[in-house]
Amino acid sequence: MDDVDRIIAQWAVERPELATLPMAVFGRVFRIAKLGGERAEQAYAEFGIGRGEFDVLATLRRSGDPYRLTPGRLSATLMLTTGGMTGRLDKLERAGLVSRSPDPADRRGQLVTLTERGLSIVDEAVVKGLDVQREALAEFSEADREQLADLLRRLLAAIG
């Protein structure tokens with residue numbers, strides 16, 4: 001019995017007519033996200049970055065060589081406001097993990113590029129983050145992990 005089961009049991013006493021299965025699912029999804037996020041933060045902290053900075057570096061890395069995107073493209077990909085993106089980019093630039101330069105295709109625009117140091121850090125951090133996630137899923141068989149990923153994909157599609 002976990003904390004979510006205890007919450008469901010309390011509702012069963014107070015409001016026995018409620019069908020609480022959705023609460024059981026989403027309560028666990030939210031707790032998994034919180035705990036998984038905390039573990040990811042710990043893994044990324046070893047590299048001097050947080051989850052938000054990792055997300056920016058990883059987005060640049062996934063974009064392929066030359067690992068360069070506009071701030072607007074980064075904001076859209078990460079669902080961040082331009083102000084939120086500016087703060088992250090300022091921090092990453094001060095740390096020497098990204099550089100900003102004028103966009104030759106847009107006089108008013110900029111390009112954000114992953115530096116060699118940023119590339120090295122994100123390549124190490126993604127492995128560390130995957131190790132943490134793999135460890136969390138270790139008790140599940142490969143088939144169970146695939147089924148869980150599929151069920152969560154379907155849930156996300158239904159909500160989104």
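This text leads through a surface patch and two loops of the structure.

The model is predicted, so that local features need pLDDT of at least 70 and side-chain atom pairs count only at pLDDT 80 or more, while totals for chains, interfaces and linings use all residues. Residues are numbered from 1 along each chain as its sequence is written, and side-chain values use heavy atoms, with hydrogens and water left out.

On the surface, a nonpolar patch is formed by Ile7, Trp11, Leu18 and Met23, which together have about 310 Å² of accessible area (Shrake-Rupley method, 1.4 Å probe, with only the protein chains shown counting as cover for residues). Patch residues have over 30% relative accessible area and no salt bridge, with like charges joined within 9 Å and nonpolar side chains (Val, Leu, Ile, Met, Phe, Trp, Tyr) within 5 Å; a salt bridge is a side-chain nitrogen of Lys or Arg within 4 Å of a carboxyl oxygen of Asp or Glu. Met23 belongs to helix H2, residues 21-45 (helices are DSSP runs of H or I with at least four residues, strands runs of E with at least two, numbered from the N terminus).

The loop between helix H3 (51-62) and strand S1 (68-69) holds Pro66, and the peptide bond leading to Pro66 from Asp65 is cis, with omega near 20°. Tyr67 lies in the loop between H3 and S1 as well, and its phi is near 55°, a positive value in a residue other than glycine.

Met79, in the loop between helix H4 (71-78) and helix H5 (82-94), also is not a glycine and has a positive phi of about 55°. Tyr67 is buried at a relative accessible area of 16%, whereas Met79 is exposed at 76% (buried means under 20%, exposed over 50%, partly exposed in between, with a 1.4 Å probe and protein chains only).
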